[in-house]
Amino acid sequence: MLAGKPRQVGRQSWWIYGLVWMPDGASLIYSGSTAEASQSLWRENVRNGKEPERLELAGAGALYPAINFKAGRLTFTRTLRNANIWRLERGGAPTPFLTSSALDRAPQYSPDGRRIAFESSRQVANFAVWVANADGTGAAQITNIGSPWSGTPRWSPDGRWLAFDARGKDGGWDVWVVEASGSSPRQLTHGPADNVVPSWSRDGSSIYFASKRSGRLEIWRIPAGGGTAMQVTRSGGHTAFESTDGKTLYYTLSEDGAEGLYAKLLPDGEERHVLKEGVAARGFAVVSDGVYYLHARGQGSYEIRFQEFAGGQTRVIGDIDRGLSFGLAVSPDRKTFLFSKYTDGGSDLMLVENFR
């Protein structure tokens with residue numbers, strides 16, 4: 001029986017799904033990821049301390065490696081997941097809109113309704129922020145900051161800037177801003193905890209985000225030009241948007257939104273429960289007379305609903321089947337709705353011959 005003091009081999013803040021020794025005992029092959037869509041096979045040299053090498057031959061979505069030493073064969077599973085952005089015209093049925101073989105989600109209309117920002121894993125399985133025309137043409141990658149995952153884009157009120165969250169090499173998340181053309185990316189927050197899911201104040205002067213820097217997820221606010229962040233909520237907070245007049249903040253307490261929607265008069269009003277129905281997939285949009293939101297009707301079945309501020313009446317805008325991914329966007333004229341849902345899934349068993 002062998003005994004010895006354990007030591008850390010890798011320092012990446014990655015999710016590990018299976019590992020196996022190479023025959024010489026000098027390196028490990030494992031599946032690691034800093035983002036759900038970028039699960040890849042890596043070779044870690046346990047003797048020289050060098051950075052791990054990505055095995056490009058395995059591609060994206062590679063999990064659970066196994067090696068037949070004598071035959072020189074590497075096997076692994078490859079996950080297949082695809083999410084597309086769908087469009088619903090008021091009074092119609094949902095149809096595919098922004099589609100690819102990757103994950104496309106978290107759509108947001110620009111204030112003038114002429115462009116759509118979204119997050120996508122089209123960039124060699126890493127998430128980045130993309131922008132397309134309102135008709136779905138001209139999709140172009142906007143962020144390229146060396147992050148394995150940049151997403152949750154939000155337009156500034158003047159349409160010139162996008163706020164987004166991004167994961168750093170240390171595994172932590174922070175809020176960034178970038179010009180809508182892709183120029184001048186700038187990191188806005190710098191820890192001390194994960195800072196995610198940004199949104200702009202209606203006057204464009206500041207950006208809200210969720211952070212655990214107080215010990216649990218709360219909504220914080222930071223000047224758009226940088227500076228000191230101030231805590232806004234005290235009873236929890238995750239996804240937040242200001243009212244159109246900038247006087248009220250609407251937010252969920254958690255990512256799944258099961259507790260519904262809360263509101264707080266700014267700057268220091270009482271936090272109150274305004275919608276007790278669950279808000280699914282970070283999906284809600286605040287307009288002048290109410291709020292549109294995604295609601296789970298049953299297993300694998302969803303609705304886009306609208307609740308009026310005056311009187312609290314709720315009506316169904318449209319139905320959605322199958323699993324939702326993140327985000328809901330409403331066009332400025334309120335005639336078109338965008339959302340993301342998973343359309344394919346599964347896995348394949350892969351084999352690499354003559355692996356050394």
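# An all-strand predicted model

Glu44 has 4% relative accessibility, and because that value is under the 20% cut-off, the residue counts as buried. The model is predicted. Glu44 belongs to strand β3, which covers residues 40-45. The Glu44 side chain also has a polar partner: a contact of 3.4 Å joins it to the side chain of Tyr30.

**Overall build**

How many helices and strands does the protein have? There are 29 strands and zero helices. The chain has 356 residues, and its radius of gyration is 22 Å. A compact globule with that number of residues would have a value near 21 Å, so the two agree. Along the principal axes, the C-alpha atoms fill a box of roughly 70 × 45 × 40 Å. Buried residues make up 51% of the 356.

**Strand β14 and its two neighbours**

Strand β14 spans residues 173-179. Is this strand largely enclosed or largely open? Six of its seven residues are buried, so the rest of the structure largely encloses it.

Strand β13 (residues 161-167) runs antiparallel to β14, with seven bridges between them. Here Phe164 has Trp176 of β14 as its bridge partner. The two strands form a hairpin with five residues between them. Within that hairpin, Gly171 takes a positive phi near 95°.

Strand β15 (residues 186-187) also runs antiparallel to β14, joined by two bridges. Trp176 appears again in this pairing, opposite Gln187 of β15. Trp176 is thus a bridge partner of Phe164 and also stands opposite Gln187. The β14 and β15 strands form a hairpin too, with six residues between them. Its Gly182 has a positive phi near 100°.

**Pairings in brief**

The table sets out four antiparallel pairs, each with one pair of facing residues.

| Strands | Facing residues | Bridges |
|---|---|---|
| β13 and β14 | Phe164 and Trp176 | seven bridges |
| β14 and β15 | Trp176 and Gln187 | two bridges |
| β18 and β19 | Trp220 and Gln231 | two bridges |
| β22 and β23 | Ala263 and Arg272 | four bridges |

**An open sheet of four strands**

In which order do the four strands of the open sheet lie? The order is β16-β17-β18-β19, with antiparallel pairing. The edges are β16 (195-200) and β19 (230-231), each of which pairs on one side only. Edge strand β19 meets β18 (residues 218-223) through two bridges. Trp220 has Gln231 of β19 as its bridge partner.

**The β22-β23 hairpin**

Further along the chain, β22 (residues 261-265) and β23 (residues 271-275) run antiparallel and share four bridges. They form a hairpin, with five residues between the strands. Ala263 faces Arg272 of β23.

**A nonpolar patch on the surface**

Which residues form the nonpolar surface patch? They are Trp15, Tyr17 and Tyr64. Their combined accessible area is about 320 Å². Tyr64 sits in strand β5, residues 62-68. At 47% relative accessibility, Tyr64 lies between the 20% and 50% cut-offs and therefore counts as partly exposed. In a regular strand, side chains alternate between the two faces of the sheet.

Two strand residues make a useful pair to view in the model. Glu44, in β3, is buried at 4%. Tyr64, in β5, is partly exposed at 47%.

Methods: Residues numbered from 1 in each chain as written. Predicted model: local features only at pLDDT ≥ 70, side-chain atom pairs only at ≥ 80, totals over all residues. Heavy atoms only, no water. Patch = residues over 30% accessible without salt bridge, like charges linked within 9 Å, V, L, I, M, F, W, Y side chains within 5 Å. Areas by Shrake-Rupley, 256 points an atom, 1.4 Å probe, with all protein chains shown as cover. Salt bridge = Lys/Arg side-chain N within 4 Å of Asp/Glu carboxyl O. Buried < 20%, exposed > 50% of the residue type's maximum accessible area, 1.4 Å probe, protein only. Polar contact = N/O pair within 3.5 Å; in protein donor to acceptor, adjacent residues only side chain to side chain. Pairing = 2+ DSSP bridges. Rg over C-alpha atoms; globule rule 2.2 N^0.38 Å.
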